[in-house]
Amino acid sequence: MNKSKLIKKGNLYYPTKEFKKRALLNSSKIYLEAAKNPIKFWEKLAKELFWQKKWKKAFLHNPPYFKWFVGGKLNITENCLDRNLEKKKNKVAFIWEPEPTGERERYFTYYDLYREVNKLANALKKLGVKKGDRVGIYLPMIPEVIISMLACARIGAIHVVVFSAFSSQALNIRLQDTKAKILITSDGYYRRGKVINLKQNADKGVNGTEVKKIIVVRRTGNEVFWQKNRDFWWEELVKNEKDFCPPATMDSEDTLFILYTSGSTGKPKGVVHTSGGYMVQANFTAKWIFDLKEDDIFWSMADVGWVTGHTYSCYGPLLAGTTFVIFEGAPDWPAPDRWAQIIEKYGVTTFYTAPTAIRMFEKYGADLIKKYKFDTLQILGSVGEPIDTAAWKWYFKKVGKERCPIVDTWWQTETGGILITSLPGIGPFKPAFTGIPFPGLKFDILDDKGKSLPAGKEGNLVLLPPFAPSLLRGVYKNPKKYLKTYWSEYGNKIYFTSDTAYKDKNGLIRIVGRVDDVIKVAGHRITTGELENAIAQHPDITESAVVGVHDEIKGEVPVAFVVSKEKKKEKDIEKEVKEEIRKVIGPIALPKKVYVVPDLPKTRSGKIMRRILRKLFTGEELGDLSTLANPESVKKIKEIIAK
Ligand code: PRX
């Protein structure tokens with residue numbers, strides 16, 4: 001047990017000698033070794049995993065396209081499961097904590113998980129699923145979500161996980177785009193004590209898609225609509241299946257999964273991740289950044305509906321052969337310290353969450369967690385948005401008791417795994433700074449012309465060749481979008497992250513924020529265009545603009561300005577607009593406020609000036625309004641906001 005406080009030098013923190021001694025990595029030499037020849041470095045790492053056939057060439061660059069471990073053959077589930085049966089057959093792979101406090105948790109050993117995955121894989125095959133087919137997964141945080149992803153991977157089917165709190169329309173878009181023929185869902189799930197009828201959403205979501213079969217997990221026992229020959233209960237499907245299904249042979253570059261995320265326009269884009277590179281990165285980032293050793297219990301709070309859940313609540317910890325926790329519910333329900341209870345209950349050693357959750361915990365007051373010693377905790381992690389100094393310090397002191405390094409991990413749905421952070425046994429850790437590039441990666445910060453900027457100067461964060469083995473290989477069925485979003489700002493050899501950042505004199509990177517229309521609401525990625533499209537479905541709204549504004553807990557929240565052709569009560573319009581967003585996207589995207597305005601500020605070419613709307617809301621200086629075609633709109637909106 002690590003009892004000493006971290007070493008503080010100025011505003012930097014370092015791990016103690018004792019901590020370093022136990023850590024998997026404790027010398028910065030690893031960075032130098034990797035930098036000498038990054039391709040060789042990744043190759044060396046890849047060799048530690050099991051490949052059915054070794055690759056011929058480690059990295060192939062045909063800008064903007066690239067490949068990793070070319071010609072290599074593998075199946076990621078052999079590395080997650082079969083390989084662990086040798087030494088860890090009866091070790092717990094994961095513990096599932098249900099939302100209702102009266103319900104018992106469930107433990108899955110590596111052997112249990114292996115059998116469940118193989119059974120479902122066989123069942124999927126019987127339903128006609130073949131290698132390369134897309135399978136939709138619309139499940140809450142229950143064990144079956146992990147089993148489903150792995151069963152797809154076992155037979156080479158591509159999983160498309162859709163966050164269970166997304167609406168049926170959001171599900172529909174993703175199923176249509178991928179032409180999935182099978183959907184795995186559940187009768188319902190628990191959310192803050194209520195049963196949500198998920199099957200009902202799924203039934204609506206498959207309308208007009210090619211989904212022919214739906215597999216339904218019985219979770220809540222609520223009544224569901226049932227369509228014979230289309231709907232199958234999970235338990236009945238897998239009941240008589242064999243415990244073994246031969247792993248499909250996947251090319252290193254074959255697609256493992258597609259995950260949709262918000263892009264620069266209104267339509268979500270399907271980020272494509274491949275098998276080999278993703279596996280290598282997921283394994284080593286999980287193992288080294290969270291310092292996963294034999295006796296660790298790792299808990300990442302993110303839902304599998306997001307990339308963090310894919311990589312750190314499924315593939316990463318399984319590849320590393322660790323024990324991890326997954327949780328069905330909300331961290332503050334039924335009591336605000338539920339999250340702390342879970343840490344204590346299972347003796348969690350590594351806890352990974354988002355700044356929005358940390359700020360929420362903080363708001364409930366330190367008194368609430370006074371009774372927790374958190375003495376099993378070794379490492380704390382943060383992800384999803386910049387963590388402000390106040391939240392960092394609270395997390396460090398009140399949860400980590402100044403003993404636990406905070407790994408602030410920067411990455412994206414597109415990068416598949418963590419790319420920037422400080423390593424726990426090396427450091428340094430600095431409030432509000434994410435750290436340095438993971439060994440083997442090259443980042444730079446550029447000005448608009450592509451010039452590399454010195455320390456202290458803010459610019460665009462870019463990733464340089466050979467990129468990262470887990471970086472996305474495409475946007476599903478949209479090669480133009482792939483080129484335009486990532487490979488056009490600085491030419492086709494530089495990956496543009498869409499984030500701005502700067503370095504301090506030690507090279508530690510501070511992420512400032514996005515340069516596109518993406519807003520991070522409680523760590524969730526949403527674009528203003530996506531919200532405006534949803535609002536546009538309202539029959540009376542002729543025009544709208546959404547801006548992201550600062551929020552104490554959620555980081556950012558949307559605020560909508562709408563023009564209505566019908567004279568209705570503002571309250572009614574606000575309610576209807578929110579309903580529209582709930583219907584099209586889901587409750588996570590609800591705006592903090594909807595203003596009904598007579599007109600939106602526009603340039604002469606008709607471009608809506610969102611910047612002005614944001615400033616009107618925050619009360620900042622508006623600046624030059626001379627380029628506006630309708631400056632009088634500004635005054636009116638100001639009056640409406642003041643009301
Ligand atoms: O702006 C960065 C922010 O989240 C974006 C990626 O969002 P998403 O694809 O939803 O993935 C989130 C989980 C990996 C980034 O472009 N972001 C993510 N992590 C951090 C962050 N900003 C600051 N610090 C972080 N640690």
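How many nonpolar, polar and charged residues does the shell around the ligand have? Keep that in mind as you open this predicted model, and let's start the tour at the ligand.

**Stop 1: the ligand and its shell**

Select the ligand together with the residues that have a heavy atom within 4 Å of it. You should find 17 residues around the ligand, and the closest are Asp 408, Thr 409, Thr 413, Lys 520 and Arg 525. Colour the shell by class and you have the reply to the opening question: 6 nonpolar, 5 polar and 6 charged residues.

Next, switch to a cartoon view and highlight helix H11 (307-319), strand E22 (406-409) and strand E29 (509-514). Each of these three elements supplies at least two residues of the shell.

**Stop 2: polar contacts of the ligand**

Now zoom in on the nitrogen atoms of the ligand. Pick Asp 408 and look along its side chain: an N or O atom there is 2.7 Å from a ligand nitrogen. Then move to the backbone of Gly 384, where an N or O atom lies 3.1 Å from a nitrogen atom of the ligand. Select Glu 385 as well; a polar atom of its backbone is 3.4 Å from a ligand nitrogen. Turn on a surface here if you like: of the 540 Å² of accessible area that the ligand has on its own, the protein covers 96%.

**Stop 3: two domains**

Zoom out and give separate colours to domain 1 (37-285) and domain 2 (522-642). Their centres, taken over C-alpha atoms, are 37 Å apart. The contact draws 13 residues from domain 1 and 14 residues from domain 2. Between them, the two domains bury about 1,000 Å², with 48% of that on carbon and sulfur atoms.

**Stop 4: backbone details**

Finish with the backbone torsions. Most peptide bonds are trans, and most residues other than glycine have a negative phi. With that background, three places deserve a click.

- Select Pro 63 and Pro 64, which are joined by a cis peptide bond with omega of about 0°. Pro 64 sits in the loop between strand E3 (57-62) and strand E4 (65-70).
- Go on to Pro 465 and Pro 466, where the peptide bond is cis and omega is near 5°. Look for Pro 466 in the loop between strand E26 (459-464) and strand E27 (474-475).
- End at Asn 229, a residue that is not a glycine yet has a positive phi of about 65°. The loop between strand E13 (213-217) and strand E14 (231-233) holds Asn 229.

How values were computed:
Residues numbered from 1 in each chain as written. Predicted model: local features only at pLDDT ≥ 70, side-chain atom pairs only at ≥ 80, totals over all residues. Heavy atoms only, no water. Polar contact = N/O pair within 3.5 Å; in protein donor to acceptor, adjacent residues only side chain to side chain. Areas by Shrake-Rupley, 256 points an atom, 1.4 Å probe, with all protein chains shown as cover. Helix = DSSP H or I, 4+ residues; strand = E, 2+ residues; numbered from the N terminus. Nonpolar A, V, L, I, M, F, W, Y, C, P; charged D, E, K, R; others polar. Domains from an automatic or database assignment. Contact = heavy atoms within 4.5 Å. Buried area = accessible area lost by both parts, 1.4 Å probe.
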